Amino acid sequence: MTAIRHDWTREEVMQTYSQPLMDLLFQAASIHRAYHDPNTVQVSTLISIKTGGCPEDCGYCPQAARYHTDIDGNELMSVSQVKAQALRAKASGSSRVCMGAAWRNVKDGPDFDQVLEMVRTINKLDMEVCCTLGMLTENQASRLAEAGLYAYNHNLDTSEDYYKDVISTRAFEDRLETIGNVRKTNVTVCSGGIIGMGEQLEDRAGMLVALSTLDPQPESVPINALVAVPGTPMEDIEPVSIWDMVRMVATTRIVMPKTQVRLSAGRTEMSREGQAMCFFAGANSIFAGDKLLTTPNPDVNEDMDMFELLGLKPQAPFVKKAKPETVEAEDSTLQPLGEKPRWSRPGHVIERNEAARRERSS
Ligand code: SF4
């Protein structure tokens with residue numbers, strides 16, 4: 001088996017990414033087979049438990065309150081609604097549920113208590129539970145762990161350099177701080193990014209260096225292709241080519257051999273042949289369901305047809321790590337501390353984001 005390296009340089013990652021495609025695929029597929037069952041792919045379901053109205057200004061995101069998009073916002077879903085969706089997901093082959101809330105950060109109080117109850121409920125369904133709720137403190141991460149959370153998602157999105165062209169309301173190091181808080185618990189880390197936002201190869205490599213030099217490396221890395229949503233600052237960006245996606249997946253697999261590499265947003269633009277090449281290159285998870293938070297995604301039946309065609313099996317839950325225990329709310333030893341995560345407000349101006357905001361108010 002290839003040793004796990006935490007000293008990848010940007011130049012090495014760029015060379016890996018840019019080598020002849022057949023060499024890249026062979027290298028990635030060989031590493032993939034050494035660490036994973038190549039015919040098994042995890043099916044995950046994303047549930048948007050609280051949609052829209054987010055105060056952040058991520059340039060790709062239709063849920064940012066400041067942009068004019070067609071998103072129907074909703075308040076936090078009830079535990080029973082989430083349980084019903086999770087049961088449907090399980091019946092159609094999902095082994096993992098990721099709950100996303102369009103929050104800047106977690107705030108202690110009734111809404112977070114309700115999310116903790118959702119975590120307990122889904123863990124008891126024998127599904128891996130992941131949450132993506134924005135920035136959080138160590139105490140909040142510990143409370144999620146106690147409820148039975150399996151993974152916390154907090155994407156780096158892109159390189160530290162290009163981050164400044166995408167988001168102005170927080171900084172790259174804030175992301176690392178939240179990931180660090182998750183790492184202090186037994187919750188696994190899910191962190192990846194988006195390609196096709198106008199970044200350079202250096203930025204794709206820079207993001208992979210930032211992720212692979214974490215020790216331990218994230219257990220899960222989603223690779224998204226930008227879905228350019230009308231009304232967002234990135235609405236006019238052309239879709240990224242399948243070849244870029246295949247190269248990004250393969251390079252991610254090479255620099256992070258043990259990680260679950262997730263083919264995430266942008267799959268509707270990909271042919272089955274393109275997706276098959278991504279699986280060969282080391283992708284071993286997809287998101288199922290006709291929506292990915294707010295953007296379109298292939299129908300679950302289409303995915304199951306594709307699995308049959310390719311001879312793929314859905315991955316069972318808790319293959320990579322044992323199921324966490326759930327501590328009931330009344331038995332919890334952890335109190336909310338009412339702390340806010342620390343974050344910097346860089347306050348620089350991103351002209352593209354400002355133009356989209358002005359458009360909304362005109
Ligand atoms: S990506 Fe998340 S933090 Fe950024 S605007 Fe969208 S919901 Fe808010």
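**Exercise 1. Helix α8**

Task: In this predicted model, compare the end-to-end reach of helix α8 (residues 201-212) with its expected span, then decide whether α8 is enclosed or open.

Solution.
- Step 1. Helix α8 has twelve residues, and its first and last C-alpha atoms are 16 Å apart. At 1.5 Å a residue, 16 Å is expected, so the reach is close to that value.
- Step 2. Ten of the twelve residues are buried. They are D203, R204, A205, G206, M207, L208, V209, A210, L211 and S212.
- Step 3. Look for the cover. The elements over these buried residues include α1 (10-18), α6 (160-163), β6 (193-195), β7 (220-225) and α9.
- Step 4. Conclude. Because ten of its twelve residues are buried, α8 is largely enclosed by the rest of the structure.

**Exercise 2. The largest nonpolar core**

Task: Find which residues have the most contacts inside the largest nonpolar core, and which helix supplies its largest share.

Solution.
- Step 1. Size the core. It holds 98 residues.
- Step 2. Pick out those with the most contacts inside it: V119, L144, L149, Y152 and V249.
- Step 3. Assign the largest share. Helix α9 (residues 242-255) gives seven residues.
- Step 4. Follow V249. Neighbours within four places in sequence are set aside. The contacts of V249 are then I223, V261, L263, C278, A281, G282 and A283.
- Step 5. Set this against the general pattern. Nonpolar side chains tend to be buried together in soluble globular proteins.

**Exercise 3. The ligand shell**

Task: List the residues around the ligand, sort them by character, and check which positions UniProt lists under "binding site".

Solution.
- Step 1. The ligand is surrounded by C54, E56, C58, C61, Q63, A64, A102 and G134.
- Step 2. Sort the shell. Five residues are nonpolar, two polar and one charged.
- Step 3. Turn to the record. The unreviewed UniProt entry lists C54, C58 and C61 as "binding site".
- Step 4. Place two of these cysteines. C58 sits in the loop between β1 (40-50) and α3 (79-91). C61 is in the loop between β1 and α3 too.
- Step 5. Test burial against the cut-off of 20 or more C-beta atoms within 10 Å. C58 has 23 such neighbours, so it counts as buried. C61 is buried because 25 other C-beta atoms lie within 10 Å.
- Step 6. Map the contacts of C58 beyond four places in sequence. They are A64, V166 and I167.

**Exercise 4. The annotated domain**

Task: Locate the span that UniProt annotates as "domain: Radical SAM core" and describe its make-up.

Solution.
- Step 1. The unreviewed entry puts this feature at residues 39-267.
- Step 2. The end C-alpha atoms of that span lie 19 Å apart.
- Step 3. Helix makes up 34% of residues 39-267, and strand 18%.

**Exercise 5. Two loop residues**

Task: Classify D108 and K321 as buried, partly exposed or exposed.

Solution.
- Step 1. Place them. D108 is in the loop between β2 (96-101) and α4 (110-123). K321 is in the loop between β12 (313-314) and α12 (351-361).
- Step 2. Count. D108 has 17 other C-beta atoms within 10 Å, so it is partly exposed. K321 has 13, so it is partly exposed.
- Step 3. Add contacts. Apart from neighbours within four places in sequence, D108 touches P336 and G338.
- Step 4. Add distances. D108 and I122 are 14 residues apart along the chain, and their C-alpha atoms are separated by 21 Å. For K321 and F287, 34 residues apart, the C-alpha separation is 20 Å.

How values were computed:
Residues numbered from 1 in each chain as written. Predicted model: local features only at pLDDT ≥ 70, side-chain atom pairs only at ≥ 80, totals over all residues. Core = buried A, V, L, I, M, F, W, Y, C linked by C-beta atoms within 7 Å. Helix = DSSP H or I, 4+ residues; strand = E, 2+ residues; numbered from the N terminus. Contact = placed C-beta atoms within 7 Å. Near = placed C-beta within 6 Å. Nonpolar A, V, L, I, M, F, W, Y, C, P; charged D, E, K, R; others polar. UniProt positions renumbered as here; feature names shortened; annotations may be inferred.
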